[in-house]
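Let's take a friendly walk through a protein model, one feature at a time. Have the sequence and the 3D view ready, and look for each residue as it comes up.

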Amino acid sequence: MDYPVEVDSEGIKLKPDKMEIEKLYYCIYQEKVMLFYKDQNDMLNCYEIAEKSIVDEVKQSKPGEIENILEKYLSQKS
């Protein structure tokens, strides 16, 4: 399946019909991590992370590691 989030010169392009419910998708756009997921009610949710340390860590990570990075950040904040 094609990844449902694309970034090009015009911005972020989403394909919600290709998204699995409750699965996290992300991209880097304008030095921010953009997070997307479709919930059980078929609503599309979007979050933006601009904190440089997180953005840099996500940029250097392997695919599939973003959830671990976010969990680590959340545990540091509690």
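We begin with the aromatic rings, where the count comes to 2 aromatic pairs. Keep in mind as you look that this is a predicted model. In one pair, the ring centres of Y3 and Y25 are 5.5 Å apart and the planes meet at 65°; since an angle over 60 counts as edge-to-face, that is what this pair is called. Y3 sits in the segment before β1, while Y25 belongs to strand β3, so the pair ties together parts that are 22 residues apart in sequence. The two partners have different surroundings: Y3 is partly exposed, with a relative accessible area of 38%, whereas Y25 is buried, at 1%.

Now find Y37 and Y47, which form a stacked aromatic pair, with 6.4 Å from centre to centre and 10° between the planes. Here Y37 comes from strand β4 and Y47 from strand β5, 10 residues apart, so this pair too links distant parts of the chain. Y37 counts as partly exposed at 23% relative accessibility, and Y47 is also partly exposed, at 44%.

Next, let's turn to the interior. In soluble globular proteins, nonpolar side chains tend to be buried together. Which residues make up the largest nonpolar core here? There are 10 in all: Y26, V33, L35, I49, I54, V55, V58, I66, I69 and L70. At least two residues of this core come from each of β4, α1 and α2. Pick out L70 and look around it: leaving aside residues up to four places away in sequence, L70 touches L24, L35 and I49. There is also a second, separate core of 6 residues, and among them are V5, Y25, C27 and M34. You have met Y25 already, as the buried partner in the edge-to-face pair.

The helix α2 deserves a closer look. With 12 residues at 1.5 Å a residue, α2 should span 16 Å, and its end C-alpha atoms are 17 Å apart, which agrees. Where do its buried residues, I66, I69 and L70, point? Seen down the axis of α2, they fall within an arc of 95°, so they line one face of the helix. That buried side is covered by elements including β3, β4, β5 and α1. On the face turned away from the buried side, α2 carries the exposed residues N68, E71 and S75.

What about the cysteines? A search of the whole structure finds 0 disulfides. C27 is in no disulfide, and its nearest cysteine sulfur, that of C46, is 8.3 Å away. Why is there no bond between C46 and C27? The distance of 8.3 Å between their sulfurs is too far for one. C27 is buried, with a relative accessible area of 7%, while C46 is partly exposed, at 45%.

Finally, trace the backbone through two loops. Most residues other than glycine have a negative phi. E31, in the loop between β3 and β4, has a positive phi of about 60° although it is not a glycine. D42 lies in the loop between β4 and β5, and D42 also has a positive phi, of about 70°, without being a glycine.

Terms used. Residues are numbered from 1 along each chain as its sequence is written. This is a predicted model: local features need pLDDT of at least 70, side-chain atom pairs count only at pLDDT 80 or more; totals for chains, interfaces and linings use all residues. Side-chain values use heavy atoms; hydrogens and water are left out. Rings of Phe, Tyr and Trp (its six-membered ring) pair if their centres lie within 6.5 Å; planes under 30 degrees apart count as stacked, over 60 as edge-to-face and the rest as tilted. Helices (H or I, at least four residues) and strands (E, at least two) are DSSP runs, numbered from the N terminus. Buried means under 20% relative accessible area, exposed over 50%, partly exposed in between (1.4 Å probe, protein chains only). A nonpolar core is a set of buried Ala, Val, Leu, Ile, Met, Phe, Trp, Tyr and Cys residues joined through side-chain atoms within 4.5 Å. Contact means heavy atoms within 4.5 Å. The expected span of a helix is 1.5 Å times one less than its number of residues. The arc is that of the directions from the helix axis to the C-beta atoms. A disulfide is a pair of cysteine sulfur atoms within 2.5 Å.
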